[in-house]
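Thanks for asking me to look over this model with you. Here is a short set of points to read with the structure open beside you.

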Amino acid sequence: MSYTTLSGRTAVITGAASGMGAAAALLLAEHGASVALLARREERLKELADRIDAAGGRALALPVDVTDRDAVTGVARRAKAELGRVDLVVNAAGVMLPNPIEHGRADEWARMIDTNVTGVLNVIEAFTADLISAAADGHTADLINISSIGAHVAFPGYAVYGATKAALTQLSASLRTEFGPRDVRVTNIEPGLTDTELGNHIDNPGLGSDGQLGELFDLIGPLTAEQIADLVAYVASRPRTVNLRQIVVLPTRQA
Ligand code: NDP
């Protein structure tokens, strides 16, 4: 599909080291957007930036931990200095660390809350002024958050992950009341099972790729990161008065 209106946009994509974030960065860049790539793994970001540059695009690798508010402010400053005013923010950074609540994994609860909620807030804060200013000047401006079907559907072991995604879904809806009147669109995307690195960090074997998650992959068949990226590009390329507010995207076999 052609997304010609993405040409000239300046995008920030978190979670760009892998999965949906990397796929979204590639697709947006392919259609003419300049892209700032945020995640912790610097090598991954550099490889992706080189790939985009080699294909004639413009990319900037900005390693950062989104849970570190000051560090996010710092890379935001660099992104704006090197690429210009940001008019498209994609929050894809996230972690999914399921465990039964009785295991008391406060370390994993904190990582999920810090990354999936506070990290997103840090990034939104860092680019809000740019989004509002771009919209005020008549440009299209987008905030796109990657939540999860887990915001609505309960899975055993996923109480805290689901709670962080429910928070993100509500955050997206609430922000429309602040951003919409200023012509900044907010889109919340809730994917179902998607084939990425997300499950690789699960340390409970019963729930990981050799357990519950692996069984789901076999049973359902996941979406690809590229399919989610396609949605991101579709959302961002609608006419500026059209805001796709909420998208639930599932593999056809996922109930
Ligand atoms: P990946 O694990 O491939 O991508 C997650 C990305 O987040 C990685 O690039 C990782 O890079 C980055 N990240 C994690 N923690 C931090 C941090 N503290 N600071 C900066 N970056 C961080 O998985 P997905 O592509 O699947 O995940 C993208 C989003 O989609 C997530 O929010 C996830 O919750 C959501 N989602 C995924 C689904 C799925 O089935 N895969 C379904 C529904 C929603 P690095 O480690 O280098 O920092």
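The points below go through the ligand site first, and then the pockets and cavities.

1. Before anything else, keep in mind that this is a predicted model. Every value in this note was computed from its atoms.

2. Let's start with the ligand. Where does the ligand sit? The ligand is in the largest pocket. Two helices, α1 (19-30) and α5 (159-179), give two or more residues each to the shell around the ligand.

3. Now look at the residues themselves. There are 28 residues around the ligand, and those that come nearest are Met20, Arg40, Arg41, Tyr161 and Thr196. Sorted by class, this shell holds 13 nonpolar, 10 polar and five charged residues.

4. Try finding three polar contacts on screen. At Tyr161, an N or O atom of the side chain is 2.6 Å from an oxygen atom of the ligand. The other two use the backbone: a polar backbone atom of Ala92 is 3.2 Å from a ligand oxygen, and a polar backbone atom of Ala17 is 3.4 Å from a ligand oxygen. As for cover, the ligand on its own has 880 Å² of accessible area, and the protein covers 96% of that.

5. Next, the space that holds the ligand. The largest pocket contains about 1,000 Å³ of space. Its lining counts 47 residues, and Gly94, Val95, Met96, Thr196 and Leu198 are the closest to its centre. Thr196 is worth a second look, as it is also among the residues that come nearest to the ligand.

6. Which helix gives the largest share of the lining of the largest pocket? That is α6, with five residues. The helices that each supply at least two residues to this lining are α1, α4, α5 and α6 (212-220). By class, the lining of the largest pocket divides into 20 nonpolar, 20 polar and seven charged residues.

7. The second largest pocket has a volume of about 200 Å³. It is lined by 15 residues, of which Ser18, Ala22, Leu26, Leu48 and Arg51 are the closest to its centre. Helices α1, α2 (42-54) and α7 (225-236) give two or more residues each to this lining. You will find seven nonpolar, three polar and five charged residues in the lining of the second largest pocket.

8. Let's turn to the cavities. How many cavities of 30 Å³ or more are there? The count comes to two. The largest cavity has a volume of about 50 Å³, and the second largest cavity has one of about 30 Å³.

9. The lining of the largest cavity includes Leu97, Pro98, Trp109, Met112 and Tyr161. Tyr161 therefore deserves a note of its own in your notebook: besides lining this cavity, its side chain has an N or O atom 2.6 Å from a ligand oxygen. Helix α4 (106-136) and α5 each supply at least two residues to the lining, and α4 gives the most, with three. By class, the lining has seven nonpolar, two polar and two charged residues.

10. Finally, the second largest cavity is lined by residues including Thr14, Val66, Ala92, Thr115 and Val123. Ala92 is familiar from the ligand contacts, where its backbone was involved. Here too α4 gives the most to the lining, with four residues. The classes are five nonpolar, four polar and no charged residues.

Notes: Residues numbered from 1 in each chain as written. Predicted model: local features only at pLDDT ≥ 70, side-chain atom pairs only at ≥ 80, totals over all residues. Heavy atoms only, no water. Near = heavy atom within 4 Å. Polar contact = N/O pair within 3.5 Å; in protein donor to acceptor, adjacent residues only side chain to side chain. Areas by Shrake-Rupley, 256 points an atom, 1.4 Å probe, with all protein chains shown as cover. 1 Å grid on protein atoms, 1.4 Å probe; cavity = no way out; pocket = protein on both sides within 12 Å on 5 of 7 lines; lining within 4 Å. Sits in = over half its atoms within 2 Å of the grid points. Nonpolar A, V, L, I, M, F, W, Y, C, P; charged D, E, K, R; others polar. Points joined across faces, edges and corners; volume = space filled by probe spheres on them.
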